[in-house]
Amino acid sequence: MTNDPQKSDLLILAMKSANKPEGSGAESMERRGRAEGNMGETHTRRAQDRENVTTGLDRVRERAKRRKKEKFTTLLHHVTVDRLRQSYFQLKRKAASGVDGVTWQMYGEQLEANLADLHDRVHRGAYRAPPSRRVYIDKDDGRKRPLGIAALEDKVLQRAVVEVLNAIYETDFLGFSYGFRPKRSQHDALDALAFAIIRTKVNYILDLDVQSFFDKVCHERLMEFLKHRIADRRVLRLISKWLKAGVMEDGVHVLTDEGTPQGGVASPFLANVYLHYVFDLWAERWRHREAGGQVAIVRFADDVVVGFEREADAKRFLAELHERMGKFSLSLHPEKTRLIEFGRFAAGKRERRGQRKPETFVFLGLLHIAGRSRAGKFQLQRKTRRDRLHKKLKAVGKELRRRMHKSIVQQGKYLGGVVRGFNQYHGVPTNFRRVSAFRHEVVKLWKHVLTRRSQKDKTTWGRMLILAKRWLPPARILHPWPDARFIVNHPRWEPGA
C-alpha cells in the first residue's frame, strides 16, 4: 500500500467499482450527489450583487421525492421577485430579441421596476404571453429548422417557472434521460452510451429519430401529463398560455394548436415531461418485463439510442414503439431510424459470416465506430462528423470575411474562442485527427482573409504559424476515456447506484 492518502483513496475507489454491473448499468445510475450536510440547500449562480441566493424549494423537492403520486396545489408563490431577478441574470446578454424588440440591456435599465411589474401581473393573472418570433436555421439535410424566439420578459418568467417545476420533476425523471436537465450535459449522455457499449452486453444498436418532435407535441396530452403532479391552476394556466401564444412570422400572428417552439426557455422542459410519460416510463417497464436480454437506453431530448443484447428484443421493441408513438401524435422517421449490429463482438461475427465491417451511427454530433485498438482489441471510436466539421468551418469563414478589416488582435481573440470551444466539445479520445484538422483549416481560412485585405499583403505561412501559436490553443484531447469517467461519476458502491 502507498503512504500517499490521495493515491490510497483512488485505489479504494477502483477496488470498489463493480466489474460486471447487473442490468444496464450505463443509464440506471445517478450522478454522485453532494455531501449529506449540503443537501438542505441548493445554490444558484451568483447574481450581480455577488450574494448566494438559496432557492427556497427544498421542501418541495423533498416532498416530491417522498410522495411520487402527490399533486402540488401551491407553486406560483415560489416565483418571487428574487427568482425573477436570478432568471434575468442567467439569460444570455447578446441573445436575439423577440417580437417586442427588447434586449437584455434595455430591460435592465429599469430592472427592479420591470421585475416588480412582471411579478404583479403574473400573480394577478393579468400576464399575457406574447407570440414567439419565428426564424429559420439550416439543417444538415438542406431543409430549414423553425425556431421560436420568445420576448425577453417571457424568457425571464419561463426560466423562473421551470426552476420551480424542476424541483418536482428532477425527482421523477429517469436516469437515462440527459437532455436539458440541471447538472447533466451532452458528454454525460455520451459517456453513458460508451459505457453501455464497452462494459455491458450490447450487440445491437437501435438509433431512433422522432420525426418533427417539437412540432408534433399534443397540447392536450401534455397538459394531462402535467396534471399528474401539478394542481396549481395558475401555473397550469401560464403553461397553457405559452403553448397557445403562437408565432409571429412576416408580421402575421399564427396560432398553434400543437408543438412547442424550439428555442423557447420552457420548451426543453416541456419536451422532457412529454417524453417522460410517452417513452421513458414505457421503455423502463418494457426492458424489465418484456426483454429477454439486457437493454441499455440513453436519451438526450428527442435523440434516443437503445442498445440490445438480443436482436429479437430489438425488433419487438421497435415494432411496439411505433404503435406507442402513434397513440401520442408522434412517429419515428422512416429513414433515420435504424437497427444495426454493433458492439464488442459485432466485427468478429460479421467477418465470420463474410460481411463488411459494422455500420456506424451518429449520436450528439459524434460518429460512433466499432473499431480496433493498436493491440487488435475492440475499441469504441468516436469522431466528429465530416459534414458537421465542414459546416462549422463554413460558418467560421463567413464570420471571418465579415471581420476582414478588424485588427489581428480582434480576429485572433475570435478564432481562439472558436478553436477552444471546438476542443472542449470534440476533444474526446480517438478524435485527435479531426480536432487537429479543424485547427489547421481555421489557420488556412485566417491566412486567406489576411492576404485578401490588400494586394500588397505578403503574409507567409511562417508568419501564420507564429500568429496561430500566439492566438489559437493547440489541438488537444480534453476528455478522459468515457467508461472510466462514467465509473467515477457513478460509483456502483454508493447507495441507490
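**A buried histidine, a four-stranded sheet and its helices**

H368 lies in strand 10, which spans residues 366-372. The model is a predicted one. With a relative accessibility of 0%, H368 falls under the 20% cut-off and therefore counts as buried. Its side chain comes to 3.0 Å from the backbone oxygen of L366. Beyond the neighbours within four places in sequence, H368 contacts L190, L193, F342, T360, F361, F363, L380, Q381 and R382.

An open sheet is built from four strands. Their order is 6-7-3-8, and the pairing is antiparallel. Strand 6 (295-300) and strand 8 (338-341) form the edges. Each has a single partner strand, so one side of each has no neighbour in the sheet. From one strand to the next, the twist averages 15 degrees. In general, strands of a sheet pair through backbone hydrogen bonds, in either a parallel or an antiparallel sense. Six bridges link strand 6 to strand 7 (residues 303-308), in the antiparallel sense. One bridge pairs V298 with V305 of strand 7.

Two helices pack on this sheet. Helix 12 (residues 267-289) touches strand 3, strand 6 and strand 7. The direction of helix 12 makes about 175 degrees with that of strand 6. Helix 8 (residues 186-199) lies across strand 3 (204-209), strand 6 and strand 7. Helix 8 runs at about 165 degrees to strand 6.

Helix 8 also packs against helix 19 (residues 482-489). Packed helices are described by the angle between their axes and the distance between the axes. For helix 8 and helix 19, the angle is about 105 degrees and the axes are 8 Å apart. Angles of 65 to 115 degrees count as roughly perpendicular, so helix 8 and helix 19 are roughly perpendicular to each other. Helix 8 contributes H187, D191, A192, A194, F195, I198 and R199 to the contact. On the side of helix 19, the residues met are P482, D483, R485, F486 and I487.

Helix 10 (residues 219-226) has buried residues as well: H219, L222, M223, F225 and L226. These residues cover an arc of only 160 degrees around the axis, which means that they sit on the same side of helix 10. An α-helix has 3.6 residues a turn, so residues three or four places apart point the same way. The buried residues of helix 10 pack against helix 7 (152-169), helix 11 (233-244) and helix 12. Helix 12 thus recurs here, having been described above as packing on the sheet.

Notes:
Residues numbered from 1 in each chain as written. Predicted model: local features only at pLDDT ≥ 70, side-chain atom pairs only at ≥ 80, totals over all residues. Heavy atoms only, no water. Pairing = 2+ DSSP bridges. Axes fitted to C-alpha atoms, helices over the stretch in contact; angles between N-to-C directions. Contact = heavy atoms within 4.5 Å. Buried < 20%, exposed > 50% of the residue type's maximum accessible area, 1.4 Å probe, protein only. Arc of directions from axis to C-beta. Polar contact = N/O pair within 3.5 Å; in protein donor to acceptor, adjacent residues only side chain to side chain. Parallel < 35°, antiparallel > 145°, perpendicular 65-115°, else oblique.
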